[in-house]
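User: I am new to this protein. Please walk me through it in short questions and answers.

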Amino acid sequence: MKHSKYGVNTICTHIGEIEDKQFKGAVSPIYVSTSYEFDDVDMKRYPRYFNTPNQEHLSKKIAALEHTESALIFGSGMAALSALFFTFLKSGDHLVVQNTLYGGASHFIREEFPKFGIEFTFTNGYDVSDFEAAIQPNTKLIHIETPSNPLLTITDIKGVAKLGKAHNILTSIDNTFASPINQNPIDFGIDIIMHSATKYLGGHSDILAGALAASDDLISQIWHVAKNFGGNLSDYTVWMLERSMKTLALRVKAQTKNANKIARYLEKHPDVKAVYYPGLKSHPQYKLAKAQMHGFGAMMSFELQDGLDALEFQKHLQLIKSSMSLAGVESTVLSPYLTSHALLTQEERDAIGISDQLIRFSVGIETKKDLLADIEQAINKTKTK
Ligand SMILES: *Cc1c(COP(=O)(O)O)cnc(C)c1O
């Protein structure tokens, strides 16, 4: 795999820039044409072919960050995921995914796959042996997500990649929660990396986008299918995403640092029952997380002690917002049982450890002491109610 000779901040700032040859401007121009010359050109450009100047260039930045040869940018994370699934799975094939999959991906599989005769198994856990047990003769793809949402479980990336290779099955990963700053799965042998760029890559809660990164060969196979599905990102938004990604490493590192400190604070807090964060030594897979992540990320979940109402607590927060999404520069919290996992039954939620008390916390870049003070005052108000 190609590795850029540059450090991560330089890649974020400069790789994939379009030089403004005409006016010598400092940043990439936006090319909004949907029609390009076809005669005497080395490439027939059309936005749905993923090859307008802005799409083509930004994909170089994503590929460099993920240590892959190529990448494609999509209109959403789900557009990226559907292109991935429908490239490598056809009628009669079988997919293995973990039971702790992102809710949207889980619905997509359960609702759409039966219409196309594609089989699937949700594992009972997320260890390599759980994936192995789910493999069938017609399994064509194993798709993992680590750290998982919302309990931050860790799957052994290298182990799953090896398992796939041993059975001649492709492997893919949803790398959204870690971002390329904290985790580069290609280095552990995973074939395809998927991102909801709506999250860390965008980072300002104002862009819906997705991406896939892999070898030239795999990306070319995906391209042939994806151009038929037409899930591209508009060049205006591609340009916005390029602007956002210049600060990706700065943001994610600051968020990760905050999260590490806040997780430690919450873990010692008498009003907090449990903290789920892979950077805590108490996390059951701390060692595995340390071995495969550059940093532990900025997502965590926690539960207040019994008797302290989680919704009440969220209402009292003044700085930290209650919000559906995640990974923006601003800190946000949500209750998985009311949002991402609302469509599951109580029993299903109990089975995967999602209690009504669970609060998912996406840590932002704010000054740490202000975040801690906000949490503290909200806990106190919840207690005195
Ligand atoms: C948000 C998200 C997705 C879906 O991405 P969209 O951009 O909303 O389509 C997939 N996986 C994870 C882990 C996510 O957080």
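The turns below go from domains to cavities to single residues.

User: What kind of model is this, and which domains does the assignment give?

Analyst: This is a predicted model. Its chain is divided by the domain assignment into two named stretches, which are domain 1 (8–244) and domain 2 (249–384).

User: How many residues does each domain put into the contact, and how many Å separate the domain centres?

Analyst: Domain 1 and domain 2 touch each other, and their contact takes 36 residues from domain 1 and 39 residues from domain 2. Taken over C-alpha atoms, the domain centres are separated by 26 Å.

User: How many cavities of 30 Å³ or more are there?

Analyst: Rolling a probe the size of a water molecule over the atoms shows where empty space is left. With the cut-off at 30 Å³ or more, the count of cavities is two.

User: Which residues line the largest cavity, and how many of them are charged?

Analyst: The largest cavity holds about 40 Å³ of space. Its lining consists of T100, S148, N149, P150, L151, H341, I352 and I354. At least three of the lining residues come from each of domain 1 (8–244) and domain 2 (249–384). By class, four are nonpolar and four are polar, and the number charged is none.

User: What is the volume of the second largest cavity, and how does its lining divide by class?

Analyst: The second largest cavity has a volume of about 30 Å³. Among the residues lining this cavity are P147, L152, F177, M293 and F296. Domain 1 (8–244) and domain 2 (249–384) each supply at least three residues to this lining. The classes are eight nonpolar, one polar and no charged.

User: Where does P278 lie, and is P278 buried or exposed?

Analyst: P278 sits in the loop between β8 (272–276) and α11 (286–292). Its relative accessibility is 0%, so P278 counts as buried.

User: Which residues does P278 contact, and how many Å lie between P278 and M293?

Analyst: Leaving aside neighbours within four places in sequence, P278 is in contact with L152, I154, H283, Y286, A289 and F296. L152 and F296 also help line the second largest cavity, as does M293. P278 and M293 are 15 residues apart in sequence, and their C-alpha atoms are 9.7 Å apart.

User: What feature does UniProt place at K199, and where does K199 lie?

Analyst: The unreviewed UniProt entry gives K199 the feature "modified residue: N6-(pyridoxal phosphate)lysine". In the model, K199 lies in the loop between β6 (192–196) and β7 (210–214).

User: Is K199 buried or exposed, and which residues does K199 touch?

Analyst: The cut-off for buried is under 20% relative accessible area. K199 has 9% relative accessibility, so K199 counts as buried. Not counting residues up to four places away in sequence, K199 touches Y102, T176, S325, L326 and A327.

User: Which residues does UniProt mark as a transmembrane region, and what share of that stretch is helix?

Analyst: The "transmembrane region" feature comes from an unreviewed UniProt entry, at residues 70–89. In the model, the end C-alpha atoms of residues 70–89 are 21 Å apart. This stretch is 25% strand, and its helix share is 60%.

User: In which helix is H14 found, and how far in space is H14 from L163?

Analyst: H14 belongs to helix α1 (residues 8–14). Its relative accessibility is 45%, so H14 counts as partly exposed. H14 and L163 are 149 residues apart in sequence, and the C-alpha to C-alpha distance between them is 36 Å.

Terms used
Residues numbered from 1 in each chain as written. Predicted model: local features only at pLDDT ≥ 70, side-chain atom pairs only at ≥ 80, totals over all residues. Heavy atoms only, no water. UniProt positions renumbered as here; feature names shortened; annotations may be inferred. Helix = DSSP H or I, 4+ residues; strand = E, 2+ residues; numbered from the N terminus. Buried < 20%, exposed > 50% of the residue type's maximum accessible area, 1.4 Å probe, protein only. Contact = heavy atoms within 4.5 Å. 1 Å grid on protein atoms, 1.4 Å probe; cavity = no way out; pocket = protein on both sides within 12 Å on 5 of 7 lines; lining within 4 Å. Points joined across faces, edges and corners; volume = space filled by probe spheres on them. Nonpolar A, V, L, I, M, F, W, Y, C, P; charged D, E, K, R; others polar. Domains from an automatic or database assignment.
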